[in-house]
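Q: Please take a close look at one helix of this protein and set out how it is placed in the model. A formal, connected account would suit a reader who is new to the structure.

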Amino acid sequence: MRLAVALQPGRIALDELALTTSGARVSAAGMALDHAGGARIGAEVTMEDADLDALRRDLGLRDLPLSGRLTGEVSVATEGRSLNAAAREARVSAVVAMRQGRIAREVVEMASLDLRLLFRDARGTTPVSCLLGVLDMRGGVGTLAPLRIRAATGTIGGLGSFDLNRRQVDLVIGSLRETTDTFALDIPVRVSGSFASPSIRPAQWSAAGRRTLAERDEVAPLPPRLRAFAEANPCFRAGRR
């Protein structure tokens, strides 16, 4: 681990933090300044080459239907008269990306409501050419737009909102019809309600709404550095597989 910190009157600078955890290379830099009787804080974090399965094991999570190596960029900006006040008002922007991973074939078929699941088990995995998730959160309330996974057997898109203060989520996930099999119904699924017990049901969307879900190129607000990182991922544009 490498750590470089500079202390000056009214200023604390984290010039460098570099470490390896769960096989991932993590680097960060930030600064805290005196501001209006409190503090103004900004930080940037980069994660590279993180093995998703290793992260899962270190966090004590169950097996995931997705594997591969993740990269990510996070930006934090806030100010307040105390650390607690600054944390409550923080703006957090994050982009997570993957290329050349794998996803369980069953997940893609479930997301597209493939009729063949009624008659057989979808076994094995299928290649993931790209994954992209973009998050913007202010004061604990955030949006996720887009969430997109492009696999060999179909493209899954999602968008949603969440409130950490009220512990509520509203997420719609669906498949892009032009990328799925003839047997797929391509009906979006809505996950909404409390974190502890959300309801999961088909989303009541029109055909135009389903296209909007799968094809929209709208992206949550991002700082320029993070937007450039997101734009470099093939999943930034909905497109077709």
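A: The mean pLDDT of the protein, which is the predictor's confidence in each residue from 0 to 100, is 82, and 82% of the residues score at least 70. This is a predicted model, in which local features need pLDDT of at least 70 and side-chain atom pairs count only at pLDDT 80 or more, while totals for chains, interfaces and linings use all residues. Residues are numbered from 1 along each chain as its sequence is written, and side-chain values use heavy atoms, with hydrogens and water left out.

Confidence is highest in strand E6 (residues 69-80), at a mean of 94, and lowest in helix H4 (residues 207-215), at 56. Helices (H or I, at least four residues) and strands (E, at least two) are DSSP runs, numbered from the N terminus.

The helix chosen here is H1, residues 52-59. At its start, the backbone nitrogen of Asp53 has a side-chain oxygen of Asp51 within 3.2 Å. Within H1, the buried residues are Leu52, Ala54, Leu55 and Arg56; buried means under 20% relative accessible area, with a 1.4 Å probe and protein chains only. These buried residues pack against E6 as well as strand E4 (38-51), strand E5 (66-67) and strand E7 (91-104), where contact means heavy atoms within 4.5 Å. After H1 comes Gly60, with a positive phi near 75°.

Methods
Buried means under 20% relative accessible area, exposed over 50%, partly exposed in between (1.4 Å probe, protein chains only). A polar contact is a pair of N or O atoms within 3.5 Å; within protein, one must be able to donate a hydrogen and the other to accept it, and residues adjacent in sequence count only if both atoms are side-chain atoms.
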